[in-house]
Amino acid sequence: MADDTLLPVAPAVPKRNALTGDIWGGLAAMLVALPSAIAFGVTIFAPLGGSLAAQGALAGILGASALGIVAPALGGSQRLISAPCAPAAAVLSALAITFTQQEIAASTVVLMLGLIALLAGAFQIAMGLVGVGKLIKYIPFPVVSGYLSGVGLIIIGSQIPKLLGAPAGTELITALLFPGVWMWQSIVVGLVVIATMLITPRITRLVPAAIVALLCGVACYLLLGLANPSLLSTVSNPLLIGELGVGDVSLLDGAREQWLALRGLGLEAVVNVLIPALTLAALLSIDTLKTCVVLDAMANTSHDSDRELVGQGLGNITSALIGGIPGAGTMGASVVNLSSGGTTRRSGVLAGVFSLLAFLLLAPLIAWVPVAALAAILIVVGARMIDRQSLQFFFNRATRLDFLVIVAVILVALFGNLIAASGVGVALAVFLFIREQTRSTIIRSRIDGEQFFSRNTRFGANLGAVAAEDERIVVFELQGSLFFGTANQLYKALEPEIEHCRYVILSMRRVQSLDVTATHVLEQIQSRLEENNGYLVFCDMPKGLPSGLRMKRFLKDTGVVRRTNKAFVFQDLDSALEWVETLRVATAPADPSETALLELNELPLLSGQPQDALQALAQRLESRCIKAGKKVFKAGAADNGLFIVRRGLVKISLPLHKKDNYHLSTAGPGSIIGAMGFIDEQGHSGNAVAMVDTDVFALSRANFDDLAKQHGSLALLIMQAVARNLSNRLHVTIAELQALRG
C-alpha cells in the first residue's frame, strides 16, 4: 500500500461543516496522492524506454483523477481516497520488464498493461457482486505481511538506480557495481528528499511530508542548475521527468484512441493476460479493504466491502479506458483526508477533481520534477511497507513458523515474481489453516459413565442395574473442524474406548465442519464397536453447519448412521443417556413398580409408617390421572402443591428464551416432584409434562400444614424426602459441572 504518511491515530482537527471539511480533506489528500501517482506511472513506463517515462507520469495523473472521482462516488467507504498504488506499480512494472525482454513493441506493451488494468477492474466488480469482499480480508496476516514487505523491497530495489542517476533500464546489481554511471547531482537531490520525508513529520503535520519533500527536491535541483546550466533544460534530460508529451491531443481524444486500441487487441491478448489481471485484482482488493478496516477503527465507522470492490473496479476500468494506471484505496492519502476534516465520500471525489485540475493547469511544471526526487519518495514509501515488527516472530517459538511463511513469500517475490508469490501465499494460507486446525484439540471433554448421570429418576432394582454398568459408558464432547487434518486425532481418541466401552456417546454441539474423511473414521469406529456388541451414539446435532451442511443427513448419506447398524442419533445428551439406561435395564428383572399403580403403603418414602398416619395422609391427598402430553403443573402457576408419581413418567423442564426449554429431570414411579414450589410457596419454576399416561398423588401446602399438626413425624418424614430430592438433583448437577470443566 502506498502510504507516504502513516499516522497511528487521527489527530484532533478543528470542527468544520461537512462541505468545508471535505474540501480541505480532498485537497490535502490530492497533494499526498498525486506525487506518488506520478512516480508510480514513471516506474511502470520507464522500462519501455524512450519518452514513455513522461507518458507514465501522465498515466499516473489520469489514474489519480479517474479513480479519485469514480471509486469514492460508487464505493462503500466514506473517507477512502483511491489512487495509483505501490502493488499496482510493482506488478505492472515487472510485467513491463518481462514483455520488453520478450521483444514486444513498446506500444503493444502499453496496450497490454491497459488491458490488464481493465480486466482487473472487471474482476473486482465480479468479486464484489458474488460477495468475495467479506472473505478477502481474512487472508492470514503472515501472507499479507510477507507480500507487502516483498513489494516494498521490490520498489526500493527498482528505485535505487534512479536515485543514483544510472541510465534508464539499468539493473540494481549493475548500478551498485559500477559507480561510474552514477550522477552526483541525482544522489544529492535524492538524499535531500529522503531527509525531508523523514524530518517533516517531526516538525509539522499540517503539510504532507511528500509535498514538502517534492518541493525541496525541485528547489535543490534548480540550485544545482545554477552551477551547471545544462541541467536547466527539459529536453532529453535524464534527470527530469520532461514534457508530458500530450501535444495538441485533447483528453477526450486520448480516451477515444485508448478505447479503440484496446478493442483491437483481440481475444488471444485477453487470454494471455487473464492470470496477471486476476492477481492484480486480488492485490488491489486486499490493499483497499485493509485500508478500509484501518479507517473504520480510527473513525469508528463501518464500510460495505462488496460495494467498495464494485466501486474500485469501476474506477480502474474508467482509468484504463482513458489511459491511466490502476490503483486502490491508499492509506496515506486516506488518513490525511480524515485528519484534515473529510467526513463523506465527497472528499474522495474532490481529491480526484483536484488531481484533474492539477493536470490541466500545472502540466508544464510537472516536467521539472527530478526523477531522483520521485525515486526517493518511493524508497521511503517502500521502506514503510516493510513489516519490521514481524522480525520478532522469529524469537518466539510459537510464531516461528509464521516468520518462515513471511520469509518464503518475500523470497519468492524477490527472486521469482509477484504472480508466483501470490500463488505461494494462497498455498501457505491453506497450510496455515490446516496447521491451526491440527494444533487445536477436537476433544473438548471426555466424561466417564460414573461421572455423568441422566436426569431420569429411578428406584429399586432398575437403579441398581444402571449403576452397575456406568463404567461402560463414555461421553465425548467434540469441537472445531472434523476433517482430513484432524481425522487421525479423532481416531486416536476414540479407538482406545472400543474394547472396554459398550456405549460411546459423541456430543456434536460445538462441531463447526465435517468432511468425508472424518465420517470414514466414524464409520470405522462404529464397525469395530458393533463387532464388540457396542453402540455409537450421536447427540446435540447442530441444525446446520456454517457451510450449510446438514450434519444428521450427511452422516446418513455417508453410511455412518444406517438402519442396519448400531449407530443412533438423539436430540440432546440427556435423551441419549436415558435411551442407554433404558436399553441396559431392559435385560434386568422386571420391576412391578414400573407398571403397577403404587398405593401409599408401597411408596418407598412411606415405608414403615403407622396405619393411622397413612390414613390421615390419604384423606388429604388428591389422586389425579394425567394424559400423555398434558401438564402436571405449569411454570409460574400459583400452585404450591407437592406431587408423588404413582405410575408413568413426568418430564420436568425449565422454560428458556422463546420456545426453548432446559431438561431438569424425568421422574418415574415413587418420585417426588414440585419440591421447589412446595418449599418457597412462590409457585413452580418449571413445567411438568406427562410423557405417558401418568397417575400422581397431589398434596397441597395447606393440607400438609394441617397434617403436620396431627402427625408431626410423618410431616417431618415427607419434608426430609423433599430435601433429599433437591439434594440429589444438586449433587447430580455438581457432578456434571465438574465433569464438564474437567
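Which residues have the most contacts inside the largest nonpolar core?

## Nonpolar cores

In this predicted model, the largest nonpolar core has 91 residues, and those with the most contacts inside it are Leu113, Ile116, Val189, Val193, Met197 and Leu280. Helix α4, which spans residues 106–129, supplies the largest share of this core, with twelve residues. When residues up to four places away in sequence are not counted, Leu113 touches Ile44, Leu92, Leu95, Ala96 and Phe99.

Another core, of 32 residues, lies apart from the largest one, and among its residues are Ile443, Leu529, Phe538 and Val561.

## Salt bridge between strands β5 and β6

The count of salt bridges in the model comes to twelve. One of them is formed by Glu477 and Arg510, whose closest N and O atoms are 2.9 Å apart. Because Glu477 lies in strand β5 (residues 473–482) and Arg510 in strand β6 (residues 503–514), this pair ties together parts that are 33 residues apart in sequence.

The two partners can also be described by their accessibility: Glu477 has a relative accessible area of 9% and is therefore buried, being under the 20% cut-off, whereas Arg510, at 37% relative accessibility, counts as partly exposed. Glu477 and Arg510 are moreover linked with Arg444 in a network of salt bridges.

## Salt bridge between strand β6 and a loop

Strand β6 also holds Arg509, whose side chain meets that of Asp540 in a salt bridge with an N to O distance of 3.1 Å. This pair links distant parts of the chain, since Asp540 is located in the loop between β7 (535–539) and α22 (551–557), and the two residues are 31 residues apart.

Here the acidic partner, Asp540, is buried, with a relative accessible area of 8%, while Arg509 is exposed, its relative accessible area of 52% being over the 50% cut-off.

## Salt bridge between Glu622 and Arg624

A further salt bridge joins Arg624 to Glu622, and the closest N and O atoms of this pair are 3.3 Å apart. Is each partner buried or exposed, or does its accessibility fall in between? Arg624 is partly exposed, with a relative accessible area of 28%, and Glu622 is likewise partly exposed, with a relative accessible area of 42%.

Notes
Residues are numbered from 1 along each chain as its sequence is written. This is a predicted model: local features need pLDDT of at least 70, side-chain atom pairs count only at pLDDT 80 or more; totals for chains, interfaces and linings use all residues. Side-chain values use heavy atoms; hydrogens and water are left out. A salt bridge is a side-chain nitrogen of Lys or Arg within 4 Å of a carboxyl oxygen of Asp or Glu. Helices (H or I, at least four residues) and strands (E, at least two) are DSSP runs, numbered from the N terminus. Buried means under 20% relative accessible area, exposed over 50%, partly exposed in between (1.4 Å probe, protein chains only). A nonpolar core is a set of buried Ala, Val, Leu, Ile, Met, Phe, Trp, Tyr and Cys residues joined through side-chain atoms within 4.5 Å. Contact means heavy atoms within 4.5 Å.
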